[in-house]
Amino acid sequence: MPISLEHIQNALQHIDPLFLNSPQYEIDSLNETLGFKLLLKNECLNPIRSFKGRGSDYLLSQLKADQGPLVCASAGNFGQGMAYAARKRGVELIVFVSKHANPLKCQKMRGFGATLRIEGDDFDGAKAAAKGYALENGLKFIEDGKEPDITIGAGTMALEMLKDAPLDVALIPLGNGALLNGVATVFKALSPATKVIGICAEAAPAMALSWQKKAVISTETAETLADGIAVRLPVPEALEMMEGLVDEVWLVSEGDIVEGMKVGFGEVGVGLEPAGAVGLATAIRYQNQLKNQHVVTILCGSNLSEAHYHLLSPNL
């Protein structure tokens, strides 16, 4: 289903208000250091501590009332969003996670009522197992990045971003693609002059490589701290949608990501998980290319593991 601005505007009427109108602001000292204005969209101040509630809640609002059980795979935040929305509607949810999934995210998914199944060495391994399980048991599999309603829900944050001054550049994390495609749809419709840039980790470049080659390119591993964007097998539908919406895809290193987390903690006052800090990391790494522009990025997740806290400060 093609996604339009009208779809995203309509979604505002169906998404739980607690996920909408998240704070967005600038930090004067950070702007001075960077040499440009950086608008920060803080999507961490909700029960799942990430932006994933928008797409998940909208998706569940559009399914039949008797739909279920549902099956999905997640690195953690999408599963939390699905679990929160499913519990609210009395829908059974089974989430497949990898053997190395963030323990805090697993605990929170269970707390929201999801049944967890641990399969695979990474996210894509867990997703393959989830697809097989759903097919074998005749259940509906929900795939982040493929389901239009998830992308539509994620796009609502761009409507809020554009309430501020005109924006020159949007730095948007790129995992399975729902966030980037949803936000880009709004920008291309309402602010076509804004350059939309997707952000991948250098250690998980499959989406970036695929976008550059206009074909699905998988990688053997996706061993990045940023588990939320650790994709080694891209979603074809997401890649197809990126065509015409996304202007560039940039990469950040593991060191950049840690620096973004540290600046987020020390300068912005938000404890960001690695994937949640990649936009800020990009603003820091590419500050010379962004000089004198008005830039927006998303602080998109704050579910840190114990190991992540030690990255912020060895003494924590």
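This tour moves through a four-stranded sheet, two helices that lie across it, and two nonpolar cores. The model is predicted: local features need pLDDT of at least 70, side-chain atom pairs count only at pLDDT 80 or more, and totals for chains, interfaces and linings use all residues. Residues are numbered from 1 along each chain as its sequence is written, and side-chain values use heavy atoms, with hydrogens and water left out.

**The sheet.** Select the four strands of the open sheet, which run in the order β5-β4-β3-β6 with parallel pairing. Strands are DSSP runs of E of at least two residues, and helices are runs of H or I of at least four, numbered from the N terminus; two strands pair if DSSP finds at least two bridges between them. At the edges, β5 (115–118) and β6 (140–142) each pair on one side only. Next, select β4 (residues 93–97), which is joined to β5 by four bridges in the parallel sense. Here V97 has I118 of β5 as its bridge partner.

**The helices.** Select α4 (residues 77–89), which lies across β3 (70–73), β4 and β6 and runs at about 170° to β4. Angles run from 0 to 180 degrees between N-to-C directions, with axes fitted to C-alpha atoms, for helices over the stretch in contact (heavy atoms within 4.5 Å). Then select α6 (residues 123–137), lying across β3, β4, β5 and β6 at about 160° to β3.

**The cores.** A nonpolar core is a set of buried (under 20% relative accessible area, 1.4 Å probe, protein chains only) Ala, Val, Leu, Ile, Met, Phe, Trp, Tyr and Cys residues joined through side-chain atoms within 4.5 Å. In the largest core, of 67 residues, select M82, L93, F187 and M242, which touch the most other members. Apart from this core lies another, of 37 residues, including L30 and Y286.

How values were computed
Buried < 20%, exposed > 50% of the residue type's maximum accessible area, 1.4 Å probe, protein only.
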